[in-house]
Amino acid sequence: MQTEFLRQQNELRDRIESVDKIDMYSVKLIAGVDLAYWNKGDEEYAVCCIVVIDADTNEVVEKQHCSGKIEVPYMPGFLAFRELPLILKTVELLETVPDIFIFDGNGYLHPRHMGIATHASFYLNKPTIGIAKTYFRVDKKTDYTEPENEAGSFTDIVIDGEVYGRALRTHKDVKPIFISIGNFVSLDTACDLAMKLTDKESHIPIPTRLADLETHIAREHERNVIL
């Protein structure tokens, strides 16, 4: 299983495009994607929530969720294979068509540049961005440099001379978040969008913050429904 997963990641990696396929100012609908897990006996379940917002007003346009049993065991570096089936089922429920998907997780910031935000892009055929709340030490040794304590300050995460992502401080006196491209978008645009989508209520951009909140609500409901 792991050998096949590795083959797929290496094949897809060569198709990553770190350039803007969209005009940021023409984006109308933005989807935030997150998952939450729970166990029932020896079985593992998850719920995926997608919240679509209006890019101009930040108002919620649509919310959908889907839950199910997780069939793929946890293997470091292969998280996408666990999450993607449930994500795609949730996307099928959407009545709107988002212009861009933002994931609570990583994309290019991954040992083979194939975090969930990147992997999912090849099935969504839309620009994707990964925004993580905690830092993933890709090579188990490279730390990030703290950005200056000002809103919009950032430092690049560089590993072996290559930029994998950025540590971005969205507000003064808050912890940075970690931005990496998924696909079909540049790192500069990803950071610009993250700043544009962050309001005073949190240092996390609105789409993934709302998706995260929805997963907690949906998980409590679904875990009581699934027998």
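Here are a few friendly notes on the nonpolar cores and one helix pair of this predicted model.

1. A good place to begin is the largest nonpolar core, which has 29 residues. Within this core, the members that touch the most others are Ile 30, Ile 129, Ile 131 and Ile 179. At least two core residues come from each of these elements: strands S2 (43–54), S4 (100–104), S5 (128–132) and S8 (177–183), and helices H4 (187–196) and H5 (206–225). Helix H4 gives the most, with five residues. As background, nonpolar side chains in soluble globular proteins tend to be buried together.

2. Next, have a look around Ile 129. Setting aside neighbours within four places in sequence, Ile 129 is in contact with Ile 100, Phe 101, Ile 102, Phe 103 and Ala 117. Its other contacts are Ile 179, Ser 180, Gly 182, Val 185, Ala 190 and Leu 193.

3. Another core lies apart from the one above and has 21 residues. Among them are Val 33, Ile 87, Phe 101 and Ala 117.

4. Now for the helix pair. The axes of H2 (residues 79–93) and H3 (residues 116–124) come within 10 Å and cross at roughly 45 degrees. The two helices are therefore oblique to each other, and their crossing is right-handed.

5. Which residues make the contact between H2 and H3? From H2 come Ala 80, Phe 81, Glu 83, Leu 84, Ile 87, Leu 88 and Val 91, while H3 brings Ile 116, His 119, Ala 120, Tyr 123 and Leu 124. Sorted by type, the residues of this contact are ten nonpolar, one polar and one charged.

Key: Residues are numbered from 1 along each chain as its sequence is written. This is a predicted model: local features need pLDDT of at least 70, side-chain atom pairs count only at pLDDT 80 or more; totals for chains, interfaces and linings use all residues. Side-chain values use heavy atoms; hydrogens and water are left out. A nonpolar core is a set of buried Ala, Val, Leu, Ile, Met, Phe, Trp, Tyr and Cys residues joined through side-chain atoms within 4.5 Å. Buried means under 20% relative accessible area, exposed over 50%, partly exposed in between (1.4 Å probe, protein chains only). Helices (H or I, at least four residues) and strands (E, at least two) are DSSP runs, numbered from the N terminus. Contact means heavy atoms within 4.5 Å. Axes are lines fitted to C-alpha atoms, for helices over the stretch in contact, and angles run from 0 to 180 degrees between N-to-C directions. Angles under 35 degrees count as roughly parallel, over 145 as roughly antiparallel, 65 to 115 as roughly perpendicular and the rest as oblique. A crossing is left-handed if the near helix is turned anticlockwise from the far one by less than a right angle, and right-handed if clockwise. Ala, Val, Leu, Ile, Met, Phe, Trp, Tyr, Cys and Pro count as nonpolar, Asp, Glu, Lys and Arg as charged, and the others, Gly among them, as polar.
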